[in-house]
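I opened a fresh page for this one and went through it topic by topic. Here are my notes, in the order in which I looked things up.

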Amino acid sequence: MIKVNYIFCVLFLCSNALSGEVVQNPVEHWAEYPEINYGVGEEKALLEKGEYLVKAGDCIACHTSSTKQPFAGGNAVKPTIPLLGMQIPIGTFYSPNITPDKKTGIGRWTEAEFSRAMRHGVSPDGSQYYPVFPYVWFTKLSENDIKAMYAYMMRIPAIEKENKPHDIPWIMQWRFLMLGWKLLFFYPFDGEFKPDPEQTDQWNRGAFLVEGPGHCGMCHTPVTMFGSPQRDMAYTGSVIDGYAAPNITGSSLKKVSVDKLVRVFLYDELPGGGQVRGPMKEVNHDSLVYLKQSDLEAISVYLKSTVDPKPLKLSGSGMEKASLIYNKYCVNCHASGAGGAPKYGDVMGWQAIIEQGKEKTYTHAINGYNSMPAMGSCADCTDDDIKLTVDYMLQAVESGGDIIARPLGEPPVEYTLKDGERVFNEVCVTCHQEGTLGALQLGDPRWGEVLDRKGFFGMLNGVIHPRGYENTKGDCVKRGACKTCDDGILIAAVKYIINQSVEGANYVLW
Ligand code: HEC
Ligand code: HEC
Ligand code: HEC
Ligand code: HEC
């Protein structure tokens with residue numbers, strides 16, 4: 001953590017640090033990049049280039065399941081595809097060990113084999129990789145880039161750790177079927193990044209980072225029912241692990257300056273206000289904070305030049321406008337109840353929210369609240385637009401009950417895994433140690449089943465709103481029987497439970 005901030009400072013932020021501007025992130029840093037021997041001269045330059053690209057590619061996020069074993073794999077990746085308005089999980093992929101261990105890692109691979117895997121999605125034995133490995137983006141890397149990345153990957157510490165087989169439907173286990181997928185969705189678009197001579201160097205650099213190693217579209221571009229990116233709607237927003245990855249096209253970010261965008265990446269500050277959470281926080285912390293300021297600016301310049309083919313026209317007024325905003329931004333979560341979002345029109349689910357008073361509800365929607373992103377990730381919306389949309393949503397449930405406004409609370413504090421551990425040991429332990437009332441014990445592998453079944457948010461809700469929405473079997477006692485715990489600390493406790501009990505799951509940064 002200290003080291004991270006230090007590197008951070010050395011790279012480009014010392015002046016800010018001195019002026020007291022660096023916001024220390026209180027959440028534990030996830031995987032650390034290993035120390036390596038860079039050598040000198042040309043070798044050093046090559047290894048540094050490779051490390052930089054590996055950081056830009058955020059390989060560490062997917063390929064690390066334990067902070068002590070960077071790049072040794074075992075992390076669970078659970079992609080979903082949209083079908084009939086729902087997000088359908090297609091199975092659990094476990095990332096392989098990509099350390100240079102000769103037995104369990106890629107230590108025996110040649111550079112050509114590495115290149116074929118990274119740029120064409122084909123393994124050394126000739127079988128096809130699934131696109132959860134983002135080769136659809138990495139194909140934009142040049143042969144020289146790959147050379148540097150290969151050199152770096154061969155230099156990181158080798159760790160012996162067996163790969164875990166994917167847990168996917170049998171039909172998908174036939175890798176050759178991926179060839180059909182690739183013919184349709186990959187080969188027409190593969191190949192090294194070609195700079196556009198009409199554009200500036202800065203723009204081209206940004207385009208390369210976004211379209212290539214950064215694989216931003218993996219989360220921000222809608223996915224077709226075949227699991228391929230919907231290229232004509234690039235960067236117009238998608239859903240990932242229950243989080244809405246917002247529209248980051250220029251059409252949506254037009255009021256957000258390059259400077260503000262850079263702050264999203266460095267300080268986790270969302271343009272609409274509030275803190276970056278979930279998967280994007282991981283992207284920032286494992287990847288983007290390591291990039292040069294000039295590269296982050298290039299990324300921002302490129303994003304701002306992209307166009308949403310179907311932009312939201314914030315015209316109209318009153319409920320008409322609110323309904324537009326709702327259907328573009330809020331519907332992803334509030335129609336289905338994703339991530340524990342109170343469902344549109346669900347009187348039971350909104351009851352407690354209405355009781356807390358309208359001002360507080362507005363503040364939550366504007367500043368963000370637990371897994372509710374600030375402004376519902378509508379960067380183009382004003383506070384008044386959001387208030388209007390909240391009114392629109394409340395209209396569907398308000399049935400004449402008196403709403404008493406209460407004073408606004410302080411913004412929520414961020415807790416660490418340590419806080420979670422403390423609360424667990426003080427409170428949750430009463431039942432979750434002895435198995436009282438059938439509660440699962442810390443470290444019980446069955447927590448993994450709960451996580452699979454309910455997802456991260458489902459589990460949070462099982463504690464925070466055990467009866468709020470529907471009485472789901474397996475729910476905890478209300479708020480873990482802790483009267484003084486706020487939502488943040490309960491979330492930290494649940495993260496702690498998952499961290500201690502489920503292999504390959506890491507939600508520390510979420
Ligand atoms: C979104 C998650 C994700 C990211 C990001 C990611 N990978 Fe992977 N990678 C995977 C998964 C999952 C597989 C297994 C694919 C399969 O089995 O078809 C994989 C497979 C691989 C393989 C093949 C290993 C083998 O044993 O066959 C290599 C090499 C690899 N990744 C390197 C990288 C590098 C280098 C980066 C960063 C530039 C990276 N990956 C980024 C998820 C990811
Ligand atoms: C693993 C999925 C994932 C990847 C990869 C990813 N993002 Fe994100 N991004 C998200 C999510 C989810 C959010 C919403 C965060 C929140 O609401 O707290 C987000 C938010 C953002 C925002 C803030 C937008 C707004 O209006 O609030 C920007 C800008 C952004 N991402 C840019 C990028 C760029 C650039 C890349 C590639 C370098 C990238 N993202 C890669 C998931 C991802
Ligand atoms: C990424 C998913 C997501 C999106 C997109 C989203 N919400 Fe939410 N929202 C949530 C979740 C989850 C909660 C529940 C938070 C909790 O109670 O812990 C929530 C809660 C709320 C609440 C109740 C806040 C309170 O005081 O308890 C309001 C109001 C709200 N959202 C409005 C909106 C509006 C307006 C939009 C669109 C502009 C929107 N949301 C978009 C996930 C989302
Ligand atoms: C009075 C006993 C008790 C206490 C105290 C308690 N729990 Fe539970 N918890 C349970 C029981 C019982 C279940 C449900 C077991 C089942 O039916 O599978 C449960 C389930 C859970 C679940 C799974 C929820 C789901 O959606 O499936 C989580 C997460 C959880 N507890 C977290 C906590 C946390 C965090 C604390 C401390 C803040 C806590 N519990 C304190 C009894 C308790």
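**Entry 1: Ser95.** I began with the neighbours of Ser95, leaving aside residues up to four places away in sequence: Ser95 touches Cys62, His63, Gly73, Gly74 and Asn75. A reminder to myself before going further: this is a predicted model. I then looked up where Ser95 sits, and found it in the loop between β4 (93-94) and α4 (111-120). Is Ser95 buried or exposed? Its relative accessibility is 6%, so I noted Ser95 as buried, the cut-off being under 20%. One of its neighbours deserved a second look: a polar atom of the Ser95 side chain lies 2.6 Å from the backbone oxygen of Cys62.

**Entry 2: the iron.** His63, also on the Ser95 contact list, took me to the ligand. Which protein atom serves as donor to the iron atom of ligand 1? I found a single donor from the protein, NE2 of His63, at 2.0 Å. His63 belongs to the loop between α3 (59-62) and β1 (76-77).

**Entry 3: two positive phi angles.** Staying with the loop between α3 and β1, I looked up Phe71, which is placed there too. Phe71 is not a glycine, yet its phi is positive, at about 70 degrees. Its relative accessibility is 0%, so Phe71 goes down as buried. On the other side of α3, I checked Asp58, in the loop between α2 (41-56) and α3. Asp58 is another non-glycine residue with a positive phi, here about 50 degrees. I have Asp58 down as buried as well, with a relative accessible area of 8%.

**Entry 4: Met149.** Next I turned to helix α6 (residues 143-153), where Met149 is found. Met149 has 2% relative accessibility and therefore counts as buried. What does Met149 touch, not counting residues up to four places away in sequence? My list reads Gly50, Leu53, Val54, Phe114, Met118 and Leu141. I also looked up a C-alpha separation: Met149 and Leu47 are 102 residues apart along the chain, but their C-alpha atoms are separated by 7.4 Å.

**Entry 5: helix α7.** I wanted to know how the buried residues of α7 are arranged. In this helix, residues 177-185, the buried ones are Met178, Trp181, Lys182 and Phe185. Looking down the axis of α7, I found these buried residues within an arc of 100 degrees, so they line one face of the helix. I was pleased to see a lysine listed among them, as Lys182. Which elements do the buried residues of α7 pack against? They pack against α4 and α5 (135-138). The face turned away from the buried side carries two leucines, Leu183 and Leu184, and both are exposed.

**Entry 6: the whole protein.** I finished with the overall figures. I noted 20 helices and 6 strands. Of the 510 residues in the protein, 48% are buried. The exposed area comes to about 24600 Å², with carbon and sulfur atoms supplying 57% of it. Last, I looked at contacts between residues at least 6 apart in sequence: 66% of these join residues at least 24 apart. The pair from my fourth entry, Met149 and Leu47, sits 102 residues apart along the chain.

Key: Residues are numbered from 1 along each chain as its sequence is written. Chains are lettered from A and ligands numbered from 1 in the order in which they are written. This is a predicted model: local features need pLDDT of at least 70, side-chain atom pairs count only at pLDDT 80 or more; totals for chains, interfaces and linings use all residues. Side-chain values use heavy atoms; hydrogens and water are left out. Helices (H or I, at least four residues) and strands (E, at least two) are DSSP runs, numbered from the N terminus. Buried means under 20% relative accessible area, exposed over 50%, partly exposed in between (1.4 Å probe, protein chains only). Contact means heavy atoms within 4.5 Å. Accessible areas come from the Shrake-Rupley method with a 1.4 Å probe; for residues, only the protein chains shown count as cover. A polar contact is a pair of N or O atoms within 3.5 Å; within protein, one must be able to donate a hydrogen and the other to accept it, and residues adjacent in sequence count only if both atoms are side-chain atoms. The arc is that of the directions from the helix axis to the C-beta atoms. Donors are N, O and S atoms within 2.8 Å of the metal (3.2 Å for Na, K and Ca); water is not among the atoms, so sites may look incomplete.
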